[in-house]
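Got your viewer open? Here is a short tour: at each stop, select what is named and have a look.

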Amino acid sequence: MHLLQILTAVLATPGATFGAPVEPGTADVAVLTARQARKQPPPCTRQNPAPSEESLKARFDTFVQAFVGPAGRKNITEAFEYIVEDYINHNPIAQNGAKSAWDILSGIWHNFDHRLLRSTISGDTSWVEYNSGSVIVDRFRWEGGCIVEHWDVGEKYPVN
């Protein structure tokens with residue numbers, strides 16, 4: 001999802017509390033507990049030599065299922081196992097680095113209902129198209145079996 005859409009949705013969520021005290025016994029306690037239980041995984045380490053085309057495709061498929069997979073399969077922690085520490089984010093309102101992306105997505109990604117439309121990888125570039133209220137295309141560049149760059153502003157799924 002475009003970062004701007006995510007931030008807008010979170011800020012517009014009725015009853016959203018940011019930094020406010022949480023009353024024991026409320027639903028917010030469960031949300032806070034779940035958020036605190038998520039821990040950023042260690043960054044992906046580039047493989048040298050790089051994985052084979054077949055192995056990279058398998059890594060990509062696993063990433064896609066963890067990133068936007070069906071209910072019960074989506075797992076932001078697992079998805080971040082494929083992102084390098086010095087990840088470059090080409091979204092103009094996001095900073096570079098896996099930690100920045102983690103800080104933005106880890107607490108809210110589980111709130112969104114994503115429906116995977118299609119995904120593909122060609123060489124070192126992959127695309128993931130999904131619906132989350134609107135159609136989103138994320139493009140990733142892979143290096144050594146890890147995601148090193150991300151684009152999501154105005155991206156189009158490649159024509160086959």
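The stops below go from the sheet to the helix lying across it, and then to the aromatic rings. Keep in mind that this is a predicted model.

**Stop 1: the sheet.** Show the strands as cartoon. You should find 5 strands in an open sheet, ordered β1-β5-β4-β3-β2, with mixed pairing. At the edges are β1 and β2 (115-122), each of which pairs on one side only. On average, neighbouring strands here are turned by 20 degrees against each other, ignoring direction.

**Stop 2: the β1 edge.** Select β1 together with β5 (residues 146-151). These two run parallel and are joined by 3 bridges. For a place to zoom in, pick N89, which stands opposite H150 in β5.

**Stop 3: the helix across the sheet.** Now add α3. Which strands does α3 lie across? They are β2, β3 (125-131), β4 (135-143) and β5, and the helix runs at about 160 degrees to β2.

**Stop 4: a stacked pair.** Stay on helix α3 (residues 53-68) and show the side chains of F63 and F67, which sit 4 residues apart, about one turn of the helix. Are these rings stacked or edge-to-face? Their centres are 5.2 Å apart and their planes meet at 15 degrees, which is under the 30 degree cut-off, so the pair is stacked. Both residues are tucked away: F63 is buried at 1% relative accessibility, and F67 is buried too, at 7%.

**Stop 5: an edge-to-face pair.** Next, select F80 and W102. This pair is edge-to-face, with 5.2 Å from centre to centre and 80 degrees between the planes. Here the partners come from distant parts of the chain, 22 residues apart: F80 is in the loop between α4 (76-79) and β1 (83-89), while W102 belongs to helix α5 (residues 98-105). F80 counts as buried because its relative accessible area is 3%, under the 20% cut-off. W102 is buried as well, at 6%.

**Stop 6: the cluster.** Zoom out and select F60, F63, F67, Y82, W109, F112, Y130, F140 and W142, which form one aromatic cluster. You have already met F63 and F67 as the stacked pair. Across the model, the aromatic pairs come to 12.

**Last stop: a charge over a ring.** Finish with R139 and W151. What lies over the face of W151? It is R139, at 4.0 Å from the ring centre.

Terms used
Residues numbered from 1 in each chain as written. Predicted model: local features only at pLDDT ≥ 70, side-chain atom pairs only at ≥ 80, totals over all residues. Heavy atoms only, no water. Phe/Tyr/Trp six-rings, centres within 6.5 Å; stacked < 30°, edge-to-face > 60°. Buried < 20%, exposed > 50% of the residue type's maximum accessible area, 1.4 Å probe, protein only. Lys NZ or Arg CZ within 6 Å of the ring centre and 35° of its normal. Pairing = 2+ DSSP bridges. Axes fitted to C-alpha atoms, helices over the stretch in contact; angles between N-to-C directions. Contact = heavy atoms within 4.5 Å.
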